[in-house]
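Please open the model in your viewer with the cartoon shown, and keep a selection box at hand. The stops below follow one another as selections, each with a short account of what is there.

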Amino acid sequence: MSETTRTQKANVLLLFLSAIICFSFASTDPIKNKQYKLIFHQFLDSETDAASLQLAASRSNPGHQHRFEPSFYPDTLTRFSDSTGIGESISKSNGKYLIRSVESSFYGAPGFLYKFTRDLFNADYPADKFVSEFKKEFGLSPFKEIKITAKKENWHFWSGSAVLRAFNRYYGGPNNRFQHVTYGFMYKVGAKKYMTDYVKLIKYILVDKKDEWQRLCEDYKEKALHDSTFDGNMASYHASEKLFTPKEIQSFKVIPINYLYIPVGQLMRRQIDGSLPSIVECLRIFLKDYDPENYQVLQSI
């Protein structure tokens with residue numbers, strides 16, 4: 001074997017080994033791994049679940065042909081696989097997944113925060129383990145204080161600084177890839193319509209209805225802390241009725257009208273604990289990269 005041939009083979013071997021090392025590193029990158037889990041739980045559903053939904057829809061409307069319910073599965077041509085088991089839900093899947101729309105989450109379990117914290121820290125919010133793991137990773141508590149409500153329940157006030165720090169750590173730009181597609185594609189297919197409504201909602205309450213919004217938030221806080229009959233869900237629902245006329249509610253394209261109180265209530269609690277400006281800042285960073293059109297709307301706030 002000539003020296004030139006030996007050198008070429010050595011170079012090919014080194015290139016091959018370096019590629020293996022890089023791919024190995026990528027597969028064990030803790031940030032990428034957590035992004036992977038978050039994408040599965042927010043954007044994907046198994047074909048098994050989709051088939052169940054298709055069957056339920058067919059039974060409720062006999063004689064009508066359903067491929068997949070479009071409000072849940074906006075793009076059924078793009079499929080993903082999962083050999084890790086991360087994506088498995090209650091029923092065992094066939095290992096194949098479809099993109100699910102973000103708004104469909106509100107038809108099922110809106111408490112995705114629990115799934116998110118489990119993906120990131122292997123602990124449920126707001127358990128002591130979650131707080132401990134958060135402090136270990138970010139150097140500060142996720143909560144700036146804990147108040148006791150009139151019902152003797154803990155009310156966790158989020159830290160805006162903690163929200164920004166966590167966001168910046170795990171944020172992935174639109175050109176990052178999840179299997180064979182970019183994050184940007186998944187956002188466009190599965191979340192853009194919902195985000196358009198969400199940005200409209202934020203602008204409406206913080207600009208158009210600013211004074212009334214402030215009064216409703218102050219009333220929510222006062223009653224939660226001093227009225228033992230207070231119900232947060234009902235307060236959020238009544239706040240939605242006071243903030244929006246029927247015509248304004250109809251202007252939302254994909255946020256289910258009967259579930260509007262959920263994002264309203266979430267935003268009220270973040271307004272009260274002071275972390276809402278940090279959340280809006282996270283949205284600005286995100287939308288500037290992913291969705292310039294909605295970014296411009298948010299800039300008016």
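Two strands count as paired when DSSP finds at least two bridges between them. This is a predicted model, and the first stop applies that rule to one of its hairpins.

**Stop 1: the hairpin of strands 4 and 5.** Select residues 143-148, which are strand 4, together with residues 154-158, which are strand 5; the two pair in the antiparallel sense over five bridges. Within this pairing, Ile146 stands opposite His156 in strand 5. Five residues lie between the two strands of the hairpin, and Lys152, in the loop that joins strand 4 and strand 5, is the residue to pick out there. Although Lys152 is not a glycine, its phi is positive, at about 65°. Is Lys152 buried or exposed? With a relative accessible area of 70%, Lys152 is exposed.

**Stop 2: from the turn to Thr229.** Now select Lys151 and Thr229, whose C-alpha atoms are separated by 7.7 Å although the two residues are 78 apart along the chain. Thr229 has its place in the loop between helix 9 (210-226) and helix 10, and because its relative accessibility is 61%, above the 50% cut-off, it counts as exposed.

**Stop 3: Ser240 in helix 10.** Move on to helix 10, residues 232-243, and select Ser240 within it. Ser240 has a relative accessibility of 6%, which is under the 20% limit, and therefore counts as buried. Which residues does Ser240 contact, once its neighbours within four places in sequence are left aside? They are Leu260, Tyr261 and Val264.

**Stop 4: the three-stranded sheet.** Select residues 44-46 and 75-81, which are strand 1 and strand 2, and add strand 3, residues 96-99. These strands form an open, antiparallel sheet in the order 1-3-2. Strand 1 and strand 2 stand at the edges with a single partner strand each, so one side of each has no neighbour in the sheet. On average, and with direction ignored, neighbouring strands of this sheet are turned by 40° against each other. Strand 2 and strand 3 pair over four bridges, and in strand 3 the bridge partner of Ser81 is Lys96. Adding helix 2, residues 30-43, shows what packs on the sheet: this helix touches strand 1, strand 2 and strand 3, and its direction makes about 70° with that of strand 1.

**Stop 5: helix 8 against helix 13.** Select residues 192-208 for helix 8 and residues 276-290 for helix 13, whose axes come within 13 Å and cross at roughly 140°. That angle makes helix 8 oblique to helix 13, and the crossing is left-handed. To see the side chains, show Met195, Tyr198, Val199, Ile202 and Leu206 of helix 8, which meet Leu276, Val280, Leu283, Phe286 and Leu287 of helix 13. By class, this contact has ten nonpolar residues, with no polar and no charged ones.

**Stop 6: two backbone details.** Select Tyr125 and Pro126, where the peptide bond from the one to the other is cis, with omega near -5°; Pro126 lies in the loop between helix 4 (112-121) and helix 5 (128-138). Then select Gln179, in the loop between strand 6 (177-178) and strand 7 (181-182), which has a positive phi near 55° in a residue other than glycine. Gln179 is partly exposed, its relative accessible area being 31%.

**Last view: the whole chain.** Clear the selection and look at the full chain, which has 14 helices and seven strands, and in which buried residues make up 43% of the 301 residues.

Methods
Residues numbered from 1 in each chain as written. Predicted model: local features only at pLDDT ≥ 70, side-chain atom pairs only at ≥ 80, totals over all residues. Heavy atoms only, no water. Buried < 20%, exposed > 50% of the residue type's maximum accessible area, 1.4 Å probe, protein only. Contact = heavy atoms within 4.5 Å. Axes fitted to C-alpha atoms, helices over the stretch in contact; angles between N-to-C directions. Parallel < 35°, antiparallel > 145°, perpendicular 65-115°, else oblique. Left-handed = near helix turned anticlockwise from the far one by under 90°. Nonpolar A, V, L, I, M, F, W, Y, C, P; charged D, E, K, R; others polar.
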